[in-house]
Amino acid sequence: MAARSKMILGRVAQAIPVVMGVVVISFLLTRALPGDPAAYFAGPAADEASIAEIRETLGLDKPLVQQFFYYVGDLIRGDLGTSLTTGQTVLTDLGARLPASLELTLAALLLSCAIAIPLGVLAATRPGTWVDHLCRVLVTAGVSMPTFFTGILLIYIFYYLAGLAPSPLGRLDFIYLSPPHVTGFYLIDAALAGDWETWLGALKQLVLPATTLALFTLAPIARMTRAAMLSALSSDFIRTARAAGLSDGKVLFGYAFRNALLPVVTTLGMVFSFTLGANVLVEKVFAWPGIGSYAVEALVVSDYAAVQGFVLAMALLFVALNLVIDIAYALIDPRIGLN
Amino acid sequence: MTDTSRRNFLKLTGTTMGAAMLPFLKAMPAHAQTGGTIVVVSGQTINSLDLHRTGTNRASYQVAVNCYDRLVSFGTKDAPGGGLSYDYDTIVPELAESWTISDDGLTMTFKIKSDATFWDGRKVTAADVKWSFDRAVSAGGFPTVQMKAGGLERPDQFAAADEETFVITLDRPSKLTLPDLAVPVPFIINSEVAMANATDDDPWAMEYLHMTPAGSGAFKVARWDQGQQLVYERNDAWVGGPLPSFERVIVREVPSPATRRALIERGDVQMSFNIPNKDAAELDAMDGVDVYSTPIENCIHCLCPNFNFEPFQDANVRKALAYAIPYEAIFQTAAYGRGAPMWGGEAEITDTAWPRKSPYMTDLAKAKEHMAASGFASGFEVPLSISLGLADWMEPTALLLQEAFGEIGINTQIEKIPGANWRTAALVEKRLPLHLENFGGWLNTPDYYFFWAYKNGHLFNSSNYLNEEIETLVDSTLHIPMDDPAYAPNIKRMFEIAFEDLPRIPLWQPALNVAMNDAAGYEFWFHRQLDVRPLTTATS
Amino acid sequence: MADMTASTPDTTRRKGDTTLGHIVYVLRDNPVTMLAFAMLAFFLGCAFFGPALVPYDPLATNAARALEAPSWDHWFGTDNLGRDVFSRVIVATRLDLTISVAAVALSFVIGSILGSIAGYWGGWLDAVLNRCLDTIMAFPLFVLAMGVVAALGNTVENIIYATAIINIPFYARLVRAEVNIRRHSGFAQAAKLAGNSDLRVLAVHIFPNSLPPMMVQVSLNLGWAILNAAGLSFIGLGVAPPTPEWGIMVAEGANFIVSGEWWLAVFPGLWLMLAVFTFNLLGDGLRDIVDPRKRT
């Protein structure tokens, strides 16, 4: 056990240079962005003097190296800076917006799993048949559509033409009040408050954007399920189980599926962090107040602090997620080391 | 969903009247003349509740308009293109009950309404006005620049004579001072609340007022979810004007124009502010949706050839550009006919109307003649720059220009510049050889437009244009009254020079488009932001 | 292909089991892969001959015929400037394929070199490289691409660079793993003893083994690169107008859907989807072809 905890510590240590690298690159990247935020924020009728004044208050008149050390110093104190676009600290902004993105992403993944895993199992039990091919074509079609296009198409069909979906106005229609803040996840908060009408309202808003994202994530999950199931089904213990006369259902779900689950869960972790970064476009289409749309706005106006804060938050999330997966793996599966 | 939504909705409004605007109850007669809620969607995001703060964007100016009062405001008139518009020529009281201007025009004395109170119930005093004006001229950046345009530069110009009397002392009389008091910038803040929340580092309470307005205006901010919505709640004690009809106004931010269009078309929201020209043209033709397209006063979409780029120093090249532009095609494809044409005007200038049509029109033969007569008969290459943020009208315009200029040997490459860089490149560094520009002056006089857009070194003179006569003309005209005998001749001379030299080639006067579904009372303002105060339910 | 299989020592050849024969077998066995190859041929045809065959100049505007619905004159309708959508869609094939192929080729080459070095020599080189790749991977990839394009300017080259950068780690990782497994294997040792230099052993004997799994990655990435470019266009960081490009056409057309002009977004969107679809299916097909377990 001591060796194992040492390995875990080693794995954590490996994450440190990554985070440092992210800090440096995000700093350099934002500074390389074109345009002068001072001129932009000085407003429509500003003159040279007022622009210079703003540049000074933003600390942009200092040399780059000095700016970097100020930035790192602030970071160490836990200060991510203030976003100029929203006028609030980046930490507040991210805190308010991260739950929205997480809720959307998790809902999408849940939906995606509910469809993709059965499809994958189905395909694995009948490899090479038309069912297999159809599954493959369906999930591939989903991943082949640009998400913003799928989103707009869904809005057009289900909201504009059919009138089935609620107006795509973000997380809640204007007739509801947002539930009291506990976790920031509207579904959870509303359920905690026992306010089932708001819960339903939030769920309705979630359906279209989550479907859009789910369509995009079907493929990796279904493919991995299929592959993992195939290799599980062709392994010796399944042959033994079948030979022992166990029922097909029991073999399939009791043995093969449980063994196939591990790689599927790993894939889920990858897909999750990828989706969280990729829902930038979906958030824009559905007026979803998440961190993705925040990052796009900030990037376009060269809002340094906001971009850096977003990148850092995402990177930390990614690193943490990978750590958890690796460590969980090592704890569960004794065959896997941590190097 | 009917029942559940209604219950929630009632929770929100706390009044049964609010239900009148719900989609499923739309058939109900609009019995509630006062009360109720209106939902407005807009593509812009509000980033601060304090206009004076550094970094406050244009969309946020509406908070200054709706939640704060100024001493004076502009009157109302019928707008061209339907609906109402502010009236630059009429100044009406808002917080001031009356005012006098001394004979030399240097002292302005305002008497503040004695029944005016802030939201917390405290009386509005001259000291509050002084504190607010001091703040506006000291904050730096845009508010200070805008105050300066009206000759308001230093705190020592403002004095509170007694509790209800406020005095402004000017360095020189100017026709722009009184109108400049009616723009959103000099709004009056509850100075006691503000000072209680000021710190040594932040003497003007920028941090506090950024999130928490403290005013006397028609609406309070009930709720602000940054990036999502702003909820206004009526201040029933407002004395600045007639009490607004709606008790609650929800301004919801929806970035996608397609989504906004679907919402207004289906009647799920009552108003969509600043919609694209195409939607305006199409919604206008539809039943149930009212579209107001008001040509924006003192604003022109222009093509600007930069004098720092050698070929554009040649007057013939600039004229060739002006004759080569396919004005009508651009006006139809980029503006969908919304706004006013700015080409094919009379050669002789007989009045001081502005914006006015230039004497140029599409005439390829003439364009080629001018090209042949220029020093660049064989043509040249030049990038044509547009702003990413304004691609809505700039991109189709640029594509048509590119094609037309190709005909006279000027080959252009279209360059899209992102928002942050656009201001720097076009206006601050003024380094774009050929670009589109859309300056609009808040104060509606031609000399004010010329001051910003034709005087050398001024922000919106992105063509690096310098003409000594224009410099002296603008300086001598800017502050004189419009009935001064020198005014009209000076203005006409400016027009002549501008059309001869063509540092800005006018394309069209844009319109601000607003769509309403089951609501009325929209009024256009020069600041192009939403004034929610006059809105009412549809009267049918 | 023949070369790679030849250098794989552990495949025992049976009579009639040639590489070509295997491909034919897989294709016949899998109609979807066959379809993918047919579609690839179609897109390549569009890219090579499209500009010469289209009925209209993709850049010519015609304000009088703006926003017309699909008809015999204009199969895919016209856009807001009266340009023929069909011509634009077909002509855009070349640019879109160029962007994705160039981006993937770039990341393939750089990723292979980095991965081979790290995998073969290992040690601190490997450790440093791994941390660098981790750093890139830790970025939200799409946002990194956005940042790179925003910083460098939105030209075709920069879109290619941005797409390449975010793909490098995938290739480097793959190659590193494959090379690492084989660097001490018998055939590598033998080649070394025969007097070959490290570089030669690496390039000629070890690296080719990682090509089969790489081919799958390449094919999947080609589709992903197109989507990536389309996403950049949607937020306004795509190639400069008036150049036709699928992503831009979809992004701009998206605003016209609600007003009923669906053809502006749907046709380019369909084409884009088909192209990505083709590459994705192709990846799966290639996997079947190179997967030894399929050879039974």
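Colleague: In this predicted model, where in chain B does P355(B) lie?

Modeller: P355(B) is joined to W354(B) by a cis peptide bond, with omega at about 0 degrees. As for its place in the chain, P355(B) belongs to the loop between β14 and α12 (364-373) of chain B.

Colleague: Is A205(B) buried or exposed?

Modeller: A205(B) sits in the loop between α6 (191-196) and α7 (206-211) of chain B. Its phi is near 55 degrees, a positive value in a residue other than glycine. A residue is buried if 20 or more other C-beta atoms lie within 10 Å of its own. A205(B) has 23 such atoms within 10 Å, so A205(B) is buried.

Colleague: Which loop holds L502(B), and how many C-beta neighbours does L502(B) have inside 10 Å?

Modeller: Phi of L502(B) is near 50 degrees, which is positive in a residue other than glycine. The residue is placed in the loop between α17 (487-501) and β18 of chain B. L502(B) counts as buried because its C-beta neighbours inside 10 Å number 24.

Colleague: Which strands are the edge strands of the open sheet in chain B?

Modeller: The open sheet has 6 strands with mixed pairing, in the order β14-β18-β13-β17-β15-β16 of chain B. An edge strand pairs on one side only, and this holds for β14 (340-341) and β16 (410-417) of chain B.

Colleague: Which residue in β17(B) stands opposite S385(B)?

Modeller: Strand β15 (residues 380-387) and strand β17 (residues 434-437) of chain B run parallel and are joined by 2 bridges. Opposite S385(B), the residue in β17(B) is H435(B).

Colleague: At what angle to β15(B) does helix α13 of chain B run?

Modeller: Helix α13 (residues 391-407) of chain B lies across β13 (301-305), β15, β16, β17 and β18 (505-509) of chain B. With directions taken from N to C, the angle between helix α13 of chain B and β15(B) is about 170 degrees.

Colleague: How far apart are the C-alpha centres of the two domains of chain B, and how many residues of domain 1 are in contact with domain 2?

Modeller: The domain assignment gives domain 1 (58-220) and domain 2 (301-509) of chain B. Their C-alpha centres lie 34 Å apart. By class, the side of domain 1 of chain B that touches domain 2 of chain B has 6 nonpolar, 1 polar and 3 charged residues. The residues of domain 1 of chain B in contact with 8 residues of domain 2 of chain B number 10.

Colleague: Why does the largest nonpolar core lie between domain 1 and domain 2 of chain B, and which helix of chain A gives the most to this core?

Modeller: The largest nonpolar core has 348 residues, and I221(A), V40(B) and A145(C) are among those with the most contacts inside it. Domain 1 (58-220) and domain 2 (301-509) of chain B both give residues to this core, so it lies between them. With 18 residues, the helix that gives the most is α9 (residues 196-233) of chain A.

Colleague: Which residues does F310(A) touch, leaving aside those up to four places away in sequence?

Modeller: F310(A) is one of the residues with the most contacts inside the largest nonpolar core, as is A295(A). Beyond four places in sequence, F310(A) touches I291(A), Y294(A), A295(A) and A298(A).

Colleague: What is the C-alpha separation of K204(A) and P166(A)?

Modeller: K204(A) is placed in helix α9 of chain A. K204(A) is partly exposed, with 16 other C-beta atoms within 10 Å. K204(A) and P166(A) are 38 residues apart along the chain, and their C-alpha atoms are separated by 6.6 Å.

Colleague: How many helices and strands does chain A have?

Modeller: Of the 339 residues of chain A, 50% count as buried. Among its contacts between residues at least 6 apart in sequence, 70% join residues at least 24 apart. The count of elements in chain A is 14 helices and 0 strands.

Colleague: Which helix supplies the largest share of the side of chain C that touches chain A?

Modeller: Between these chains, 35 residues of chain C are in contact with 36 residues of chain A. Several helices of chain C supply at least two residues each, including α3 (31-53), α10 (211-234) and α12 (263-290). By class, the side of chain C that touches chain A has 25 nonpolar, 6 polar and 4 charged residues. The largest share, 9 residues, comes from α12(C).

Terms used. Residues are numbered from 1 along each chain as its sequence is written. Chains are lettered from A and ligands numbered from 1 in the order in which they are written. This is a predicted model: local features need pLDDT of at least 70, side-chain atom pairs count only at pLDDT 80 or more; totals for chains, interfaces and linings use all residues. Helices (H or I, at least four residues) and strands (E, at least two) are DSSP runs, numbered from the N terminus. A residue is buried if 20 or more other C-beta atoms lie within 10 Å of its own, exposed if 12 or fewer, and partly exposed in between; C-beta atoms are placed from the backbone. Two residues are in contact if their C-beta atoms, placed from the backbone, lie within 7 Å. Ala, Val, Leu, Ile, Met, Phe, Trp, Tyr, Cys and Pro count as nonpolar, Asp, Glu, Lys and Arg as charged, and the others, Gly among them, as polar. A nonpolar core is a set of buried Ala, Val, Leu, Ile, Met, Phe, Trp, Tyr and Cys residues joined through C-beta atoms within 7 Å. Domain bounds come from an automatic or database domain assignment. Two strands pair if DSSP finds at least two bridges between them. Axes are lines fitted to C-alpha atoms, for helices over the stretch in contact, and angles run from 0 to 180 degrees between N-to-C directions.
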